[in-house]
Amino acid sequence: MDYAWQGYRSPFVEFGEYVTDKEKSATTYAGYFYLRLLEMFEYKKLPETISQDFLEYYLLRNGSCFITEVDSQLFAFIGNPGGEPDPYYRPTLYVCANPALNVSFEKKMWGDEGVFCINDSMWLGLDPMIQRYSYLMAENLISMRSSDILLRMVALLTAPDDRTKASAEQYLQDLIDGKLSAVGDNPFFEGIKMQSPASHNGSYLTQFIELHQYYKGSFYNEIGLRANFNMKREAIGVGEAALGEDSLLPLCDNMLCKRKEFVARVNELYGTEIEVDFSSIWKEKREEAELDMALKESEIQQ
């Protein structure tokens, strides 16, 4: 996938391309998902040579990166794990080449040559999930557009010859122009036929809209943000609105845990004082969860 900082993109793009071009639509959906995710964590006292945005982007998209020293300065690199597997079948060497710094190296992932940083316990990153939802939403967007266009077709006029067709087109144009016109030619009435389109196109559009909301809500729930995608047509209760809250934060908690681990290792190895914690709405969610847990424990003790 291409993202904004990976190459120049002309601003003179037809608006429809972000709907009709499935690849472009999916790419922009993914880009906006990443924009939100870059606000999940906040780092303090990072070295000037390590950008928080790029560090997080490496972790979220690639699942891992490698922090090491080059000319007495710390950098975050993206490369490939390799080498002889250890007893747990994990790779042992991190292989990287960086033309800008004119360096290439193979360093031990678990030694003192650098710190192997992971986004989550499985080293997956969020790119597979983001690509999945981006593709599904782009696919559904095209379906919504098609259904929306078909809803414009209130009736389909058919004509047996060019003369009748021209009369029908003129009649429709008069209606578009706001003119009340009359057709007095008997062959016109005999030749013209009106085909009524299927009446359930509107329900299809409603289903596509609901599906779009479901995809979006599912993605936000995956990354720890509550987004209601209940498809009931009537009011929902408080209990129904809170369903699934227990599944919101485990992935985010795992991601924070792994960041705290590699930050502690970087501080130990290079004498830095880096800190990391949740940011934005994720921090509020974690504080709310901790407060609820404390209240429940207090009630149990009483």
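**Exercises on a predicted model**

Asp 112 sits in the loop that joins strand S6 (103–108) to strand S7 (115–118). Strands (E, at least two residues) and helices (H or I, at least four) are DSSP runs, numbered from the N terminus. The model is predicted: local features need pLDDT of at least 70, side-chain atom pairs count only at pLDDT 80 or more, and totals for chains, interfaces and linings use all residues. Residues are numbered from 1 along each chain as its sequence is written, and side-chain values use heavy atoms, with hydrogens and water left out.

**Exercise 1.** Classify Asp 112 as buried or exposed, and state how far apart Asp 112 and Arg 265 are in space.

Solution. Take the cut-offs first: buried is under 20% relative accessible area, exposed is over 50%, and partly exposed lies in between (1.4 Å probe, protein chains only). Asp 112 has a relative accessible area of 59%, so this residue is exposed. Next, the distance: Asp 112 and Arg 265 are 153 residues apart in sequence, and their C-alpha atoms are 9.7 Å apart.

**Exercise 2.** Compare the span of helix H2 with the expected span, then list the buried residues of H2.

Solution. The expected span is 1.5 Å times one less than the number of residues. H2 (residues 22–37) has 16 residues, for which 22 Å is expected; from first C-alpha to last the helix reaches 23 Å, close to that value. Its buried residues are Ser 25, Ala 26, Thr 27, Thr 28, Tyr 29, Ala 30, Phe 33, Tyr 34 and Leu 37.

**Exercise 3.** Find which side-chain oxygens reach backbone nitrogens at the start of H2 and of H3.

Solution. A polar contact is a pair of N or O atoms within 3.5 Å; within protein, one must be able to donate a hydrogen and the other to accept it, and residues adjacent in sequence count only if both atoms are side-chain atoms. For H2, a side-chain oxygen of Asp 21 comes within 3.2 Å of the backbone nitrogen of Glu 23. For H3, a side-chain oxygen of Ser 51 comes within 3.4 Å of the backbone nitrogen of Asp 53. Just after H3, Gly 63 has a positive phi of about 90°.

**Exercise 4.** State how many disulfides the whole structure holds, and classify Cys 96 and Cys 257 by accessibility.

Solution. A disulfide is a pair of cysteine sulfur atoms within 2.5 Å. The search of the whole structure finds zero. Cys 96 is buried because its relative accessibility is 5%. Cys 257 has 36%, so this cysteine is partly exposed.
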